[in-house]
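Grab a pencil and have a go at these exercises before peeking at the solutions.

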Amino acid sequence: MAKHTIVLIPGDGIGPEVTAAAKRVIEAAGLDVEWLELPAGATAIDQGFDNVLPEQTIAAIRAHKIALKGPVTTPVGKGFRSVNVQLRQKLNLYAAIRPVRNLPGVKTRFEGVDMVIVRENTEGLYSGIENEIVPGVVTSLKVASEVACMRIARYAFRYAVRRQRRRITVFHKANIMKLSDGLFLKCSRLVHDQEFPHVEYDEVIIDAGCMKLVQDPSKMDVLLMENLYGDLVSDLCAGLVGGLGVVPGSNIGDDAAVFEAVHGSAPDIAGKGVANPLALIMSGVMMLNHIGEEAIAGRIKTAYNNVLAEGKTLTRDLGGSAGTNDFADAIISRLP
Ligand code: NAD
């Protein structure tokens with residue numbers, strides 16, 4: 001029997017291409033693993049399931065606790081409830097962790113960027129409570145609960161201590177959303193004051209925070225925010241270090257964890273073999289660290305850093321002409 005059983009969700013669009021590449025790299029680096037491949041997204045409907053998130057897929061993640069997931073397509077303004085929102089809520093994957101760093105050989109406007117976004121993943125405007133009050137008037141409810149706000153604040157501070165980060169900055173809009181963002185702030189302050197007073201802490205109104213980010217992101221460290229802000233700021237920050245092809249992520253709960261890149265299914269390049277698999281490979285490295293396979297994670301990291309630094313085999317988003325598989329092969333050939 002393999003040492004690890006990991007649920008693999010190829011997903012839609014570029015998902016099958018980048019998950020296949022990540023799987024190959026992880027296996028080549030020596031992980032003793034059995035993959036359980038299960039569908040989600042439009043692919044699940046195409047395979048005859050009646051939901052974009054089939055019960056089998058959820059049950060497998062519950063049973064095995066770890067999944068590596070490709071992106072899924074979510075139709076705009078109609079159709080099924082988002083797979084990602086369902087997955088995060090059903091499995092209570094309350095913390096999204098997205099490290100955003102400069103990479104060797106990837107030239108961007110800024111140097112010294114090394115921040116981590118901690119996003120509350122289960123409520124806010126993603127609660128999906130929308131109503132048509134009267135024809136022509138709709139509302140979306142933004143939900144903030146003390147339990148979820150305390151939980152994400154504690155997670156962020158614990159993460160900061162474990163990773164020896166120096167400061168937590170909360171992005172908020174409590175000047176307008178005085179109750180919901182007010183509660184988020186109140187809980188963050190409480191956790192700081194009562195449990196982690198030795199970690200530096202500050203707060204910034206999100207509009208000014210975005211300006212600061214694009215002026216000099218190297219000044220930022222751990223950014224803590226509610227669901228929607230975390231979604232938007234993640235893509236903004238990805239743009240600061242080379243784009244969506246290089247930013248990994250994890251969705252962590254007390255009972256399960258799902259690792260996936262920040263990017264979506266990229267329908268514009270799907271099926272062409274040109275997507276950058278690095279964000280998912282990096283998500284795989286986060287997964288390996290999470291399951292205690294630090295040595296294998298370290299080997300993959302060394303390999304992709306070398307490939308990037310050499311600059312010969314880069315995908316199009318990073319200015320090269322290599323395909324998804326060429327890039328994965330280059331990483332495999334550089335594994336120490
Ligand atoms: P996207 O992230 O798919 O793409 C935005 C742009 O970045 C596109 O130009 C795309 O080609 C490029 N890009 C993204 N990933 C790339 C990669 N690995 N390599 C090279 N280029 C890459 O965002 P979108 O177009 O707004 O969304 C497409 C679909 O993905 C939507 O249905 C959306 O709901 C879904 N989505 C899913 C997830 C997820 O499953 N976690 C996350 C975000 C968006």
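Two worked exercises on this predicted model follow.

**Exercise 1.** Work out how helix α1 and helix α9 pack: at what angle, and with which residues?

*Solution.*
- Start by finding the helices: α1 covers residues 15-28 and α9 covers residues 278-290.
- Next, take the geometry. The two pack at an angle of about 45°, and their axes are 9 Å apart.
- Now name the arrangement. Angles under 35 degrees would count as roughly parallel and 65 to 115 as roughly perpendicular, so α1 and α9 are oblique to each other.
- Add the hand: α1 and α9 cross in a right-handed way.
- Then list who touches whom. From α1 come V18, T19, A22, V25 and I26, while α9 brings L280, I281, G284, M287 and L288.
- Finally, sort the contact of α1 with α9 by class: eight residues are nonpolar, two are polar and none is charged.

**Exercise 2.** Look for aromatic pairs across the whole structure, then describe the one made by F157 and F196.

*Solution.*
- Searching the whole structure turns up three aromatic pairs.
- For F157 and F196, the centres are 5.4 Å apart and the planes make an angle of 15°. Planes under 30 degrees apart count as stacked, so this pair is stacked.
- Place the partners along the chain: F157 sits in helix α5 (residues 146-162), and F196 in the loop between α6 (180-195) and β9 (200-205). They are 39 residues apart, so the pair links distant parts of the chain.
- Check exposure: F157 and F196 are both buried.
- Last step, look for further company: Y201 joins F157 and F196 in one aromatic cluster.

Terms used
Residues are numbered from 1 along each chain as its sequence is written. This is a predicted model: local features need pLDDT of at least 70, side-chain atom pairs count only at pLDDT 80 or more; totals for chains, interfaces and linings use all residues. Side-chain values use heavy atoms; hydrogens and water are left out. Axes are lines fitted to C-alpha atoms, for helices over the stretch in contact, and angles run from 0 to 180 degrees between N-to-C directions. Helices (H or I, at least four residues) and strands (E, at least two) are DSSP runs, numbered from the N terminus. Angles under 35 degrees count as roughly parallel, over 145 as roughly antiparallel, 65 to 115 as roughly perpendicular and the rest as oblique. A crossing is left-handed if the near helix is turned anticlockwise from the far one by less than a right angle, and right-handed if clockwise. Contact means heavy atoms within 4.5 Å. Ala, Val, Leu, Ile, Met, Phe, Trp, Tyr, Cys and Pro count as nonpolar, Asp, Glu, Lys and Arg as charged, and the others, Gly among them, as polar. Rings of Phe, Tyr and Trp (its six-membered ring) pair if their centres lie within 6.5 Å; planes under 30 degrees apart count as stacked, over 60 as edge-to-face and the rest as tilted. Buried means under 20% relative accessible area, exposed over 50%, partly exposed in between (1.4 Å probe, protein chains only).
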